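Here are some exercises for getting to know a new structure. Try each task with the model in front of you, then follow the solution step by step.

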Amino acid sequence: MMVQDLPAARPPRRAQWRKLARGNGGVAALIALLVFNALVTPNFLQLQTLFVNISQVATIAIVAMGMTLVIATGGIDLSVGAVMALAGALAPLIFQSALGTAYPGLGVAAAIVLPLLAAVACGLFNGVMVAVLRVQPIIATLILFISGRGIAQVLTNGNLQTFKNPAFSYLGTGKILGLPFQGWLALAIAVALFWVVTRTLFGRYVLAIGGNERAAHLAGGPVRRVKIGVYVICAALAGLAGLIVVAINSASDAARNGNLMELDAIAAAVVGGALLQGGRAPVFGAILGALIIQLVKYTLLANGVEDEVALIAKAAIILAAVYVQQTRKE
Amino acid sequence: MQPLLSMTGVEKAFNGATALAGASLEILPGEVHALIGQNGAGKSTLIKILTGVYRRDAGQVLFRGAPARIAGPREAQEAGIATIYQELNLVPLRSVTENMIMGYEPKRLGVFIDWREAHRRAREILMRFGIDIDVRAPLGSYSTAIQQLVAIARAVSLDARLVIMDEPTSSLDASEIEVLFGVVRGLRAAGVSVLYVSHFLDELFAICDRVTTMRDGRTVDCRPIAGATKLDLIGAMLGRDTAEIAADGMTEFGGGAARQGEILLRAEGVATGPRLSRLDLTLHRGEIVGLGGLLGSGRTEAARALFGEDPVTAGAIRLKDAPSAPATPAQAIARGIGFLSEDRKAEGIVPGMSVRENLTLALLPRLARNGQVDRARERALVQRFIDALGIKTADMEQPIRELSGGNQQKVLLARWLAIEPEVLILDEPTRGVDVGAKREIQAIIRDFVGQGHGVVLISSEFEELVEGADRIVVLNEGRTVTELANPGITEDRLVRALAHDRRVTA
């Protein structure tokens with residue numbers, strides 16, 4: 001065969017770097033935030049600050065990564081906050097039940113597995129609504145957005161459930177190599193999802209469906225199954241985040257767990273470079289987005305700005321991210 | 001008689017691409033005037049200039065004897081020109097009355113809508129068309145035909161002198177078409193002119209007085225419909241003098257040698273809906289079977305049926321020895337059928353994905369092991385196709401949207417060749433690609449059947465069909481009407497067959 005001097009010979013890793021680099025507006029914003037905080041915010045450059053931020057950003061990041069997959073197919077999932085509340089409400093009920101207290105090890109395991117299964121069921125519901133019944137994603141997921149938290153509150157009679165269970169609390173308070181457990185968990189999930197998106201059949205179909213659903217279908221792609229799959233993954237990750245929040249607080253509050261998380265997650269995904277029309281799934285971008293949103297929140301809080309103003313700042317970030325997306329389109 | 005409308009020497013270009021180059025149109029008062037032409041002939045551009053959607057670059061437009069100044073739909077309406085679009089631009093959830101008087105509501109005290117008067121007026125106008133319906137009901141609760149008639153009634157109630165109908169019968173059944181024709185005749189009797197755009201030639205003979213033909217942005221013919229034959233109209237649309245068509249080699253297909261192998265694919269009496277009611281087709285190994293037909297004859301629907309995209313309601317499709325038709329595209333692909341859609345943008349490319357990812361989209365399941373894409377094999381395969389088909393791309397990671405139309409089409413062709421199919425269904429494989437790429441694509445197709453596979457070829461270009469296909473199955477209004485075999489097919493014979501002219505079979 002003739003040796004051709006085609007640039008195609010260079011590794012495709014280049015392309016992935018290019019995709020990553022597209023988010024460099026976000027990286028710049030993150031660095032600016034860090035520098036600003038280092039100069040202005042008191043006690044910013046301390047380990048304690050780092051821990052607080054990592055433990056809080058992890059839940060946003062985990063949910064935002066699931067959201068990124070859903071958005072990559074051209075969908076959206078409003079129910080993540082409600083699924084967090086539901087999973088979070090179930091966990092203490094399970095390990096504090098008669099059986100759970102009799103067999104503590106089994107109880108904790110069940111308190112993690114069963115809520116995640118409940119979350120998966122929620123994801124199945126969303127996925128079937130969207131992919132099979134062809135309900136618009138925003139409406140389909142609105143159903144659980146409303147009812148999911150309701151179910152969680154009914155399960156707990158609307159009460160705050162407090163508990164002491166060190167094994168379960170490890171999810172939210174444990175440390176590996178001195179850094180919060182959930183930070184490592186988020187990182188592991190990111191690596192796994194990055195692999196799924198870039199290396200697997202499923203990931204390729206996710207991007208193809210978001211890029212041109214008709215074409216993916218005519219090329220024999222399993223459009224329904226893949227769409228259901230992303231909603232299931234998104235819901236499972238939301239359930240996990242719900243468990244972490246409960247573990248951090250050693251208390252489950254169905255009314256507040258995951259409240260407004262759908263907005264944070266969508267914002268983080270968009271800031272991270274996900275296109276709302278689909279076709280792009282920047283998993284690490286979602287983490288970057290989550291970091292920016294968390295840092296803005298923290299910056300304002302630590303400098304005595306009121307919470308309500310922080311909301312406005314968040315809106316401004318989303319606006320900026322959407323603006324950048326619009327101008328990037330040719 | 002002074003013409004109602006006279007457009008002469010109209011020119012229009014979009015970003016340097018000529019859409020109209022010397023188009024003209026003349027409509028007499030009380031005349032039903034047909035406008036025909038192939039896709040891209042410039043019909044809709046001309047209409048949009050007339051209704052003020054586009055501004056003309058050159059030319060003159062006289063309406064009722066005076067230069068027309070129309071800069072938008074509202075002005076067109078006020079001048080007396082109403083358009084009934086293919087896609088109705090009414091509001092289905094609001095009442096019939098609201099749709100009819102929208103923008104011209106009778107007012108009380110200058111602010112409030114006088115509903116009693118509005119309903120009365122709407123009912124009265126509809127009665128004039130012989131339509132007696134509850135005007136308070138939402139428009140969407142009525143059939144498409146009624147909705148269309150409401151649109152026409154609205155137009156006429158606003159003192160339209162010219163009603164433009166764009167493919168008005170495309171979603172109507174036979175009895176509804178009769179109702180529509182009744183209304184059109186009523187308009188003519190009332191002195192209102194109708195500009196009637198349709199692909200269905202039979203309709204033109206049924207209700208039109210004169211017909212204007214456009215081709216490549218020009219008006220090429222205008223004649224009374226009485227005395228014209230379908231063959232005349234088709235000849236004018238395609239720019240063929242039916243008397244002197246010589247089958248010179250103008251494509252890369254070369255003459256089809258009719259070596260008939262075993263039967264690969266057979267469709268018998270296949271129907272999927274109103275657009276495809278009886279498809280009969282047999283495809284042998286080593287054969288290209290063309291699907292001939294005018295727009296709306298059911299060619300694309302036939303392809304979709306064979307590919308399992310539209311459910312088959314009657315008849316049988318057999319692929320080799322599989323007893324039933326594929327139920328989904330995925331199933332069709334698994335059985336060795338590929339389908340290149342005519343709409344490259346909407347159904348072909350995934351614009352944001354790379355050449356590599358687009359090329360392997362249909363092959364993906366076979367490139368994966370345990371759900372993981374075998375990237376080394378993928379790259380090798382993509383490189384092989386880029387070399388073999390001469391796809392011009394900087395790099396297999398280049399987004400496909402950055403490629404030229406011809407190269408995009410080659411990537412899509414490669415997407416289907418990669419699954420090593422037995423049968424390829426190609427819907428307009430060379431549409432919108434330049435001459436060089438076109439010849440290359442034709443050579444690839446010939447090469448493919450040379451290996452003992454089969455191709456079903458759909459093309460609006462006659463020379464591609466005549467020279468490329470070993471046989472041509474001719475469709476007319478959703479039915480297989482005849483079949484022509486090479487050698488011996490001439491464009492003349494094909495044109496006659498398309499017109500469903502009996503002399504062909506004689």
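**Exercise 1.** How many residues of chain B are in contact with chain A, and how many of chain A with chain B?

*Solution.* Keep in mind that this is a predicted model. Step one is to go through chain B, where 39 residues are in contact with chain A. Step two is to turn to the partner, where 27 residues of chain A take part. Step three is to look at area: the two chains bury about 2800 Å² between them, with 55% of it on carbon and sulfur atoms. Glu347(B), Leu361(B) and Arg375(B) supply 18% of the area that chain B buries against chain A, more than any other three residues.

**Exercise 2.** Find the salt bridges and polar contacts across the interface of chain B and chain A, then describe the side that chain B offers.

*Solution.* Begin with the salt bridges: there are four across this interface. A salt bridge needs a side-chain nitrogen of Lys or Arg within 4 Å of a carboxyl oxygen of Asp or Glu. Glu357(B) and Arg204(A) form a salt bridge through their side chains, at 3.9 Å from N to O. Next, count the residue pairs in polar contact between the chains, both at pLDDT 80 or more: there are 10. Now see which elements of chain B give two or more residues to this side; among them are helix H12 (355-359), strand E19 (372-373) and helix H14 (375-389). H14(B) gives the most, with five residues. Finally, sort the side of chain B that touches chain A by class: 19 residues are nonpolar, six polar and 14 charged.

**Exercise 3.** Now stay inside chain B. What do domain 2 and domain 3 of chain B bury between them?

*Solution.* First locate the parts: domain 2 covers 247-336 + 422-506, and domain 3 covers 351-420. Their C-alpha centres lie 26 Å apart. At the boundary, 13 residues of domain 2 of chain B are in contact with 12 residues of domain 3 of chain B. These two domains bury about 1100 Å² between them, 76% of it on carbon and sulfur atoms. On the domain 2 side, Ile333(B), Leu424(B) and Ile444(B) supply 41% of the area buried against domain 3, more than any other three residues.

**Exercise 4.** How many salt bridges are there between domain 2 of chain B and domain 3 of chain B?

*Solution.* The count is one salt bridge. To see a salt bridge in chain B, look at the side chains of Lys410(B) and Glu440(B), which meet at 2.3 Å, N to O.

Notes. Residues are numbered from 1 along each chain as its sequence is written. Chains are lettered from A and ligands numbered from 1 in the order in which they are written. This is a predicted model: local features need pLDDT of at least 70, side-chain atom pairs count only at pLDDT 80 or more; totals for chains, interfaces and linings use all residues. Side-chain values use heavy atoms; hydrogens and water are left out. Contact means heavy atoms within 4.5 Å. Buried area is the accessible area (1.4 Å probe) that two parts lose on being put together, summed over both. Helices (H or I, at least four residues) and strands (E, at least two) are DSSP runs, numbered from the N terminus. Ala, Val, Leu, Ile, Met, Phe, Trp, Tyr, Cys and Pro count as nonpolar, Asp, Glu, Lys and Arg as charged, and the others, Gly among them, as polar. Domain bounds come from an automatic or database domain assignment.
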